[in-house]
Amino acid sequence: MNPTLKLVLSMFIFGTIGVFRRFIPLPSSLVALSRGVTGMLFLLALLRARGGRLNRQAIRRKLPTLCLSGAALGINWILLFEAYNYTSVATATLCYYFAPMFILLSAPLALGEQLTARKCACVAAALLGMVCVSGVLRSGFAGLRGIALGLGAAVFYACVVLLNKRLGDVPSNDRTIVQLGASAVVLLPYVLCTVDLSTLRLAPSTAGLLLLVGVLHTGVAYALYFGALRQLRAQTAAILSYIDPVVAVLLSALLLHEPMDALSALGAVLVLGAAAVSELPERRAG
């Protein structure tokens, strides 16, 4: 599959998770832990069913980077979920999507990638669109702690992207398995300290939704996502990542009947337009 298509598809899948999360009556940290564990087990089972094996040599060579990126993934989830507790979803989302800006600024030094005027213009347009989509122009910023947590999540998200560019010949499926396992290891102590598991009662419908989120939104989506990152420029991945929040906003309006005004629609056009324009030079060259 074309790497750009892989990333776009993964972003669409990620963008739908909010609809399913709305119907899971569990703490966010527990949902995140379930994502890591279920996604890892699903990918391991799929690999075994296909008769494949983990490339232990490649994993061993890159194990520190794999574990570090997996830990960054888990910390990213924790910080983002905590940001929702201290500020509005709009503000937390806007702060979180400063991650592409961190990637853009660090890519020339970390990866040696050239920063072009077109990429800068596209990121600026996408950021403006994200401001419109988030609703921050209407509600304003509230909660300094939530803003700090959201920006912290953005930093760790940027770390995941940049670290994955350094994983070399580790197969995308293998790297995803190890990273999800590492994220679960990071999340487990946090869950044990913040959730009273003795009172947990899991309804069949809730278990089914957790399974769906773990398999589709984690196992499948991250396999596509990490598989695409190794073949795409960091700036391109940064811009295409804006598809995720736009899909979430559109689905919340269409399926959950949450309000979406003209400003949000304009933001969606800006974000998707910036993503499309950013890809034009690569397509012409190919």
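## The loop after H7

Gln 114 sits in the loop that links H7 to helix H8 (117-134). Keep in mind that this is a predicted model. With a relative accessibility of 59%, Gln 114 counts as exposed, because the exposed class begins over 50%. If you would like a distance to check in your viewer, try Gln 114 against Phe 98: the two are 16 residues apart in sequence, and their C-alpha atoms are 20 Å apart in space.

## A nonpolar patch on the surface

Phe 98 also belongs to a nonpolar surface patch, together with Phe 102, Leu 151 and Val 155. The accessible area of these four residues together is about 270 Å².

Phe 102 lies in helix H7, which covers residues 99-110. How accessible is Phe 102? Its relative accessible area is 31%, so Phe 102 is classed as partly exposed. That value also matters for the patch, because patch members need over 30% relative accessible area.

## Buried positions and their partners along the chain

Let us turn to the buried side of the model. Val 123 is placed in helix H8, and its relative accessible area of 2% makes it buried. The C-alpha atom of Val 123 is 7.1 Å from that of Ala 274, although the two residues are 151 apart along the chain.

Ala 275 belongs to helix H15, residues 262-285. Ala 275 is buried too, with a relative accessible area of 5%. Here a useful pair is Ala 275 and Tyr 86: they are 189 residues apart along the chain, and 31 Å separates their C-alpha atoms.

Is a loop residue such as Ser 241 buried or exposed? Ser 241 is found between helix H13 (234-240) and helix H14 (243-254). At 2% relative accessibility, Ser 241 counts as buried, because the buried class covers values under 20%. Its C-alpha atom is 7.6 Å from that of Pro 100, with the two positions 141 residues apart along the chain.

## Cysteines without disulfides

How many disulfides does a search of the whole structure find? The count is 0. As a reminder, a disulfide is a covalent bond joining the sulfur atoms of two cysteines.

Cys 122 shows why: the closest cysteine sulfur to its own is that of Cys 120, at 9.4 Å, which is too far for a bond. The cut-off for a disulfide is 2.5 Å between the sulfur atoms. Cys 122 is buried, at a relative accessible area of 6%. Cys 159 is in no disulfide either, and its nearest cysteine sulfur, in Cys 67, is 15 Å away. With 31% relative accessibility, Cys 159 counts as partly exposed.

## The second largest pocket

If you are thinking about pockets, the second largest one has a volume of about 240 Å³. Its lining includes nonpolar residues such as Phe 42, Leu 43, Leu 46 and Leu 47, along with Lys 6, Arg 50, Ser 172 and Asn 173. Met 1, Val 220, Ala 223 and Leu 224 are also part of the lining.

Which helices each supply at least two residues of this lining? They are helix H3 (28-49), helix H11 (172-194) and helix H12 (204-229). H3 gives the most, with 4 residues.

Technical notes:
Residues numbered from 1 in each chain as written. Predicted model: local features only at pLDDT ≥ 70, side-chain atom pairs only at ≥ 80, totals over all residues. Heavy atoms only, no water. Patch = residues over 30% accessible without salt bridge, like charges linked within 9 Å, V, L, I, M, F, W, Y side chains within 5 Å. Areas by Shrake-Rupley, 256 points an atom, 1.4 Å probe, with all protein chains shown as cover. Salt bridge = Lys/Arg side-chain N within 4 Å of Asp/Glu carboxyl O. Buried < 20%, exposed > 50% of the residue type's maximum accessible area, 1.4 Å probe, protein only. 1 Å grid on protein atoms, 1.4 Å probe; cavity = no way out; pocket = protein on both sides within 12 Å on 5 of 7 lines; lining within 4 Å. Points joined across faces, edges and corners; volume = space filled by probe spheres on them.
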